[in-house]
Amino acid sequence: MPIVKKAPEIMARELRLEQPVNELLEDYARFIESSPDHVVNSVLKKTLWRDQDYRKWRELRKARGDGASRPPAERPEKS
C-alpha cells in the first residue's frame with residue numbers, strides 16, 4: 001500500500017457567492033497562502049462531515065441502494 005495517496009480528481013463547478021463571502025474567501029486564501037479553491041474544498045469537507053443528520057441520511061440512502069453516491073447522469077430516471 002503506498003504511503004502517499006493519489007490526489008483526488010478536480011472537477012470544475014461554477015458558483016455564485018455573496019459579495020462579503022467572496023471577499024472573506026479571497027482574504028482567507030491570502031492569509032493561508034493558498035488558493036480559494038483549496039479553501040472552499042477544505043471548508044466544505046469539514047463542515048458537511050460535521051453534520052450528523054446529513055451523515056445519517058447519506059448512510060441510509062447508501063444502505064437502500066438508491067444512488068446517493070452516483071453522479072446524477074448515472075442515476076436511473078424515476079417514472
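Okay, let's start where helix α2 meets helix α3, which covers residues 52-64. In this predicted model, the two helices pack at an angle of about 80 degrees, and their axes are 5 Å apart. Angles from 65 to 115 degrees count as roughly perpendicular, so that's what we call α2 and α3.

Who's actually touching whom there? From α2 you've got L48, W49 and R50, and they meet Q52, Y54, R55 and R58 in α3. Sort the residues of that contact by class and you get three nonpolar, one polar and three charged.

Keep W49 and Y54 in mind, because I want to talk about rings. Which residues form the aromatic cluster? W49 and Y54 are joined by W57, and together they make one cluster. If you search the whole structure for aromatic pairs, you find three.

Now let's zoom out for a second. The chain has three helices and zero strands, so reading along the sequence you just get α-α-α. How much of the chain is buried? Of its 79 residues, 6% count as buried.

Right, back to the other helix pair. Helix α1 takes in residues 19-31, and helix α2 takes in residues 36-50. Their axes come within 8 Å and cross at roughly 105 degrees. Again, that sits in the 65 to 115 range, so α1 and α2 are roughly perpendicular to each other too.

On the α1 side of this contact we have L25, E26, Y28 and A29, and on the α2 side P36, V39 and V40. The class split here is six nonpolar residues, no polar ones and one charged.

Let me pick out a couple of residues in α2. V40 sits in that helix, and it meets α1 as part of the contact I just listed. Is V40 buried or exposed? Somewhere in between: its relative accessible area is 28%, which makes it partly exposed. Compare V40 with A29 along the chain and they are 11 residues apart, with their C-alpha atoms separated by 9.3 Å.

Then there's D37, which is also found in α2. D37 has a relative accessibility of 58%, so it counts as exposed. Its C-alpha is 9.8 Å from the C-alpha of E26, and those two are 11 residues apart in sequence.

What about α1 itself? It has 13 residues, and from its first C-alpha to its last it reaches 18 Å. That's close to the 18 Å you'd expect at 1.5 Å a residue.

Last stop: what comes after α1, with a positive phi? That's E33, with a phi near 55 degrees. The thing to notice is that E33 has this positive phi although it is not a glycine. You'll find E33 in the loop between α1 and α2. And is E33 buried or exposed? With 75% relative accessibility, E33 counts as exposed.

So, to recap the picture: three helices, zero strands. α1 and α2 are roughly perpendicular, and so are α2 and α3. The contact of α1 with α2 has six nonpolar residues and one charged, while the contact of α2 with α3 has three nonpolar, one polar and three charged. If you have the structure open, have a look at W49, Y54 and W57, the aromatic cluster, and then go and find E33 in its loop.

Definitions and conventions. Residues are numbered from 1 along each chain as its sequence is written. This is a predicted model: local features need pLDDT of at least 70, side-chain atom pairs count only at pLDDT 80 or more; totals for chains, interfaces and linings use all residues. Side-chain values use heavy atoms; hydrogens and water are left out. Axes are lines fitted to C-alpha atoms, for helices over the stretch in contact, and angles run from 0 to 180 degrees between N-to-C directions. Helices (H or I, at least four residues) and strands (E, at least two) are DSSP runs, numbered from the N terminus. Angles under 35 degrees count as roughly parallel, over 145 as roughly antiparallel, 65 to 115 as roughly perpendicular and the rest as oblique. Contact means heavy atoms within 4.5 Å. Ala, Val, Leu, Ile, Met, Phe, Trp, Tyr, Cys and Pro count as nonpolar, Asp, Glu, Lys and Arg as charged, and the others, Gly among them, as polar. Rings of Phe, Tyr and Trp (its six-membered ring) pair if their centres lie within 6.5 Å; planes under 30 degrees apart count as stacked, over 60 as edge-to-face and the rest as tilted. The expected span of a helix is 1.5 Å times one less than its number of residues. Buried means under 20% relative accessible area, exposed over 50%, partly exposed in between (1.4 Å probe, protein chains only).
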